[in-house]
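Please work through the following exercises with the sequence and the three-dimensional model at hand. Attempt each task before reading its solution.

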Amino acid sequence: MTAAAPRTETRTMTMVAAINDALDLALAADPTVHIFGEDVGVMGGVFRATDGLQARYGAERVFDTPLAEAGIVGMGIGMGLAGLKPVAEIQFAGFLYPALDQVLSHLGRYRHRTRSRYHLPMVVRAPYGGGVHTPEQHADSPEAILAHTPGVKVVIPSTPSDAKGLLLSAINDPDPVFFFEAIKLYRSVKEDVQTGDYRIPLGKARVVTEGNDVTVICYGGMVEVAQKAAAAAQSAGIGVEVIDLRTLVPLDTETILESVQKTGRAVVVTEAPRTGGFHSEISAIIAEEAIEYLHAPVVRVTGFDAPYPPFTAIEDVYRPNAVRVARAIRQVMEY
Amino acid sequence: MFQLLTPEGTATGAAELPDPETRLRLYREMRRARHFDDRGWVLYRQGRLGVFPPFGGMEASQCGTAAALTADDWLFPTYRDTGAALTLGLPIARALAYWRTSPHGWAMPENLKVLPFYIPIATQYPHAVGAALAEKRKGTRNVAMAYIGDGGSSEGDFHEALNFAGALDAPCVFILQNNGWAISVPTRSQTRATNLSRRAEGYGIPGVRVDGNDVLATYHVTREAVERARNGGGPTLIETVTYRVKPHTVADDPSRYRTEEDNAGWDAKDPVLRLRTHLLAEGLMTEASEAALLKEVADEFEAALQEADGYPEPTPAEILDHVFAEPTPQLARQRAQILAEENA
Ligand SMILES: Cc1ncc(C[n+]2csc(CCOP(=O)(O)OP(=O)(O)O)c2C)c(N)n1
């Protein structure tokens, strides 16, 4: 289900290394690609996602900006209008907020309001999510705000291979793409990743594990949590199909509905707050289009309607874990 | 650049020197701040404090400015301004609690108008304007003071705040701590401006540039700005020129982005030692009275540490506290869920 090309050569990579590799390839392949943001140049990013790129491609194509998110996104919009491919980094997704005016008022609208005379092939990368005990506002999951904004795409990978293939697709996409990277996954998983350019299309979900009893729908940092819960359920004789959405916009409703029609049960998992989240959209789609297949109501496993807590001692209460997902799986089985 | 004490500790401009008692107070405040910073590192290494942004070397910039306020004024500190908050009176135990990621570090004392350290950059600057304006509308003489970094002064909120404050004549004092770096980005890459205090001109308000390692100078210019604001003279921007001798946070590795040359000379400008030389030379302090002061400062810290150690850990349902005055039905359900799962 992943890359279309045969995997000839591979190298073991963490997710952050795979992202660095994708950026490297994009810079090498296309002189219009420019990378910028806070600390992305000399330092190579606070998570090292842009490590070494300024040394390789120069300070014109990989550069540090002043500390101003509205400026970063707004300038990127102008660069995109004028023919470059801006790849901006927002240091943490929780610091995207000063730029939201540029995103909501402009980034998502330019194609529409110029009748496609102009378009914005811009990528905004941002580390998101919790699980690593960061200070206040460093663990936010604002993906639903973006998914709710017409005209912007939203991508959230969960593995190194996916991160690379999806990022290359995002950079080569003609439209603006938000690319959220789960901080928890940056260095915690390693796998063999194909070297060289390969693409994973936006809008194609990945079936992580197959099963006949329950569908667990998740993305980003929640995929490994769902996998753990699925493995536990499996040993109790419950077949769990875990679906990694990979992209929220465009959304692969077909894979979701096919699976739910097979299993008749759905659990949706996210670490974002509960009310008004993207998980609610998925639940609504299932309710609209597959209700007659359901043996139980859809269950959402989410964060809470409170700011993400920076309290190390109880942070893990907020972020869904395998136990909570397993409980939801039992709940839909026993309904 | 305004200065009252040379790096060698020689006083210039005698007319503007604060009285001896104030000079000793400023020394004490800087020593308390430095002690927090030094012990903070050790506690971090021992796993007894979380990641925190050190401010050692910036004591004059923080303590001298905050010392110009009274407890009736407002303070809007960034994450790096533990020294300023302690000077206004934030209990050490609360500051420790904040950097221990305990909710007890968020509960600010009732007798102070100091806000929890702001993590997002610049976004609190307009709040200071609003607080200042509110004090004016209420007819008090209280002012609001907000801190920001050289990097933070690139954000739109910084500029909007300065413009609002000028246009609305808000009794506000803006402290811009120019410590040379925004994580890895030196000020020269942050902006083409070489004198950040002159940004004030663009908003029609006074801008002052002061040696940020000279506590007598920072105190003097901030007091003037505070007095002007109290007397209806409007806002001021003060740029304190200093240096972040330490890493961005205790977990940061500055060798990736700066050289020994960058750091050269800054240790010799140490603000604490500068005032120390002066106080000893003037006979305002003896080695013996200093030793007693240092012991007092250390004892105070250890007592605060014990107090902080005594704060109970938060309980799971606390993540839902204080979202609204009355929990919404959704929050009530979520609380029930947490409690049920706890007992499951
Ligand atoms: C809105 C926002 N963007 C980015 C960050 C990440 N960040 C934290 S500190 C920092 C650099 C700040 O530099 P400066 O304002 O000069 O203050 P200093 O840390 O030097 O005291 C950055 C980019 C943030 N906290 N908030």
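The exercises below treat the ligand site, several helices and a number of single residues.

The model is predicted, so local features need pLDDT of at least 70 and side-chain atom pairs count only at pLDDT 80 or more, while totals for chains, interfaces and linings use all residues. Residues are numbered from 1 along each chain as its sequence is written, chains are lettered from A and ligands numbered from 1 in the order in which they are written, and side-chain values use heavy atoms, with hydrogens and water left out.

**Exercise 1. The ligand site**

Task: Determine between which chains the ligand lies, and how many residues surround the ligand.

Solution.
Step 1. The ligand is placed between chains A and B.
Step 2. A residue is near a molecule if one of its heavy atoms lies within 4 Å of it. The ligand is surrounded by 20 residues, and the closest are E69(A), Y79(B), R80(B), G152(B) and W181(B).
Step 3. Ala, Val, Leu, Ile, Met, Phe, Trp, Tyr, Cys and Pro count as nonpolar, Asp, Glu, Lys and Arg as charged, and the others, Gly among them, as polar. The shell then divides into nine nonpolar, six polar and five charged residues.
Step 4. The polar contacts follow (pairs of N or O atoms within 3.5 Å; within protein, one must be able to donate a hydrogen and the other to accept it, and residues adjacent in sequence count only if both atoms are side-chain atoms). From chain A, a polar side-chain atom of E69(A) is 2.5 Å from a nitrogen atom of the ligand. From chain B, a polar backbone atom of I119(B) lies 2.9 Å from a ligand nitrogen atom, and a backbone N or O atom of I121(B) is 3.1 Å from a nitrogen atom of the ligand.
Step 5. On its own the ligand has 580 Å² of accessible area, of which the protein covers 95%. Accessible areas come from the Shrake-Rupley method with a 1.4 Å probe; for residues, only the protein chains shown count as cover.

**Exercise 2. Helix length and helix faces**

Task: Compare the span of helix α10 of chain A with the span expected at 1.5 Å a residue, and state which residues of α10(A) are buried.

Solution.
Step 1. Helices (H or I, at least four residues) and strands (E, at least two) are DSSP runs, numbered from the N terminus. The expected span of a helix is 1.5 Å times one less than its number of residues.
Step 2. Helix α10 of chain A, residues 278–290, has 13 residues and should span 18 Å; its end C-alpha atoms are 18 Å apart, which agrees.
Step 3. Buried means under 20% relative accessible area, exposed over 50%, and partly exposed in between (1.4 Å probe, protein chains only). The buried residues of α10(A) are F278(A), H279(A), I282(A), S283(A), I285(A), I286(A) and A290(A).
Step 4. Seen down the axis of α10(A), these buried residues fall within an arc of 160 degrees, so they line one face of the helix. The arc is that of the directions from the helix axis to the C-beta atoms.
Step 5. An α-helix has 3.6 residues a turn, so residues three or four places apart point the same way.

**Exercise 3. The α1 helices of the two chains**

Task: Find how many of the 15 residues of α1(A) are buried, and which residue follows α1(B).

Solution.
Step 1. Helix α1 of chain A, residues 15–29, reaches 21 Å from its first C-alpha to its last, close to the 21 Å expected.
Step 2. In α1(A), 11 of the 15 residues are buried, so the helix is largely enclosed by the rest of the structure. Among them are M15(A), V16(A), A18(A) and I19(A).
Step 3. Helix α1 of chain B has 26 residues, 20–45; the expected span is 38 Å, and its end C-alpha atoms are 38 Å apart, which agrees.
Step 4. The residue G47(B) follows α1(B) and has a positive phi, near 75 degrees.

**Exercise 4. Residues in loops**

Task: Identify which residues a cis peptide bond joins in chain A, and decide whether R246(A) is buried or exposed.

Solution.
Step 1. The cis peptide bond joins V249(A) and P250(A), with omega about 0 degrees. P250(A) belongs to the loop between β12 (247–249) and α9 (253–263) of chain A.
Step 2. R246(A) is in the loop between β11 (240–244) and β12 of chain A. Its phi is near 65 degrees, a positive value in a residue other than glycine, and R246(A) counts as buried at 1% relative accessibility.
Step 3. D173(A) is buried at 10% relative accessibility, and its side chain makes a polar contact of 2.9 Å with that of K153(A).
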